[in-house]
Amino acid sequence: MGAGGVLGAAHVGVGHALEQRGFIPDMIIGTSVGALNGAIAAAHPDRAAPWLDHVWTELRRRDVYQLGYLFSRASIFTDRGLRRLIARAGLPSRIEQLAVPFTAVAMDLATGAPALLDHGDLESALLASAAIPGILPPVDRGGRTFVDGGVVAYVPVLAAQQAGAASVVVVATGPESSPLPVTVPRRRAGAIAARAGLLLLHHQIERDLHEVARRIPTVVLPTGTEVWPAPWDFGHSQRLISTASRTAGRFIDGLRVSGPGLYRVEEAPTTAAGPTGTPNSTALGVGL
């Protein structure tokens, strides 16, 4: 499950479509908001979508992004809001206690390497995976300092492959996960920086998807969203959920997997050389 912040509401709609069709993953790998949603799915694998639906439709910006009483040099906002959300989620204290094997992906701030947090304290793993640099505080865990995994693994399919998945179902959000129009932004600093950041994430996602699809079936579930809200605007959650539920459901009903390759709406499946057949293990791959 990939990153995307407020756009993580679309994960819930895709989750509805999967649950309605009896899909339960063998493992869940999540980055950032994907880790938060993914941990709840791992705790309640057959009934997570309705709970998440309620959380997301009630969520407001102040519930997540809260200014501290004292100015912090490490981040603009505190993580009090995220801690409260995690506390209300009915999650166990340790990752190993989740019903479905789970990994939260963060980035080691010292080395820049992806960190696969698959054991130990669950709260700190989720906070680390969602610690947007400069926005939310970095997390110290086990003698290391971590920030948001979306910096290096916006859609953590490589982590799923490393964990031994025989196939991957990708739940990604945001415009960076779709084909980008060829355009030059207005010559303003903000527009240029935004375009460059979008391209950076898009190329990272495409590189990782194609790398994994060479070896195992890689299914990217569509959300159907063409107009994405601003990163701080939580007022569109219901639209994102309902649109993703319908769109992903139709895609799943027509899906036919015939071996390694990339299966998604934007392009025809790219089938790699190798044996075909029914995969024997499935990983649901999510991020903030």
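**Strand pairing, cores and internal spaces**

In this predicted model, strand S4 (residues 102-108) and strand S7 (residues 144-148) form an antiparallel pair over three bridges. Within this pairing, alanine 106 has aspartate 148 of S7 as its bridge partner. Strand S7 also pairs with strand S6 (residues 139-141), again through three bridges and in the antiparallel sense. Here valine 139 stands opposite phenylalanine 146 of S7. Two residues lie between the strands in the hairpin of S6 and S7. Glycine 142 in this hairpin has a positive phi near 60°.

A parallel pairing is found between strand S8 (residues 168-171) and strand S9, with four bridges. Valine 168 faces threonine 218 of S9 in this arrangement. Strand S9 spans residues 217-221, and five of its five residues are buried. In a regular strand the side chains alternate between the two faces of the sheet. Both faces of S9 are covered. Pro217, Val219 and Leu221 are buried on one side. Thr218 and Val220 are buried on the other.

The largest nonpolar core holds 59 residues. Trp56, Leu91, Phe102 and Leu126 touch the most other members of this core. Helix H2 (residues 33-43) is the largest contributor, giving eight residues. A second, separate core contains 22 residues, among them Ala153, Ala160, Val168 and Leu209. Val168 of this second core is thus also the residue opposite threonine 218 in the S8 and S9 pairing.

Leucine 126 illustrates the packing. Beyond its neighbours within four places in sequence, leucine 126 contacts Ala35, Leu36, Ala39, Ile86, Leu91 and Phe102. Of these contacts, Leu91 and Phe102 are themselves among the residues that touch the most other core members.

The largest cavity has a volume of about 250 Å³. It is lined by 21 residues, and Leu36, Asn37, Trp56, Leu59 and Leu85 are the closest to its centre. Helices H2, H3 (48-58) and H5 (80-87) each give two or more residues to the lining. By class, this lining comprises 19 nonpolar and two polar residues, with no charged residues. Trp56 therefore appears both in the lining of the cavity and in the largest core, where it is buried by definition.

An open space was also examined. The second largest pocket encloses about 400 Å³. Its lining consists of Pro175, Glu176, Leu180, Pro181, Thr183, Ala193, Ala194, Arg195, Gly197, Leu198, Leu200 and Leu201. Eight of the lining residues are nonpolar, two are polar and two are charged.

Backbone geometry stands out at serine 32. This residue lies in the loop between strand S1 (27-31) and H2. Most residues other than glycine have a negative phi. Serine 32, although not a glycine, has a positive phi of about 55°. Serine 32 is also buried, with a relative accessible area of 0%.

One pairing of positions links distant parts of the sequence. Leucine 18 belongs to helix H1 (residues 9-20). Its relative accessible area is 8%, so leucine 18 counts as buried under the 20% cut-off. Leucine 18 and alanine 248 are separated by 230 residues in sequence. In space, their C-alpha atoms are 8.2 Å apart.

How values were computed. Residues numbered from 1 in each chain as written. Predicted model: local features only at pLDDT ≥ 70, side-chain atom pairs only at ≥ 80, totals over all residues. Heavy atoms only, no water. Core = buried A, V, L, I, M, F, W, Y, C linked by side-chain atoms within 4.5 Å. Buried < 20%, exposed > 50% of the residue type's maximum accessible area, 1.4 Å probe, protein only. Contact = heavy atoms within 4.5 Å. Pairing = 2+ DSSP bridges. 1 Å grid on protein atoms, 1.4 Å probe; cavity = no way out; pocket = protein on both sides within 12 Å on 5 of 7 lines; lining within 4 Å. Points joined across faces, edges and corners; volume = space filled by probe spheres on them. Nonpolar A, V, L, I, M, F, W, Y, C, P; charged D, E, K, R; others polar.
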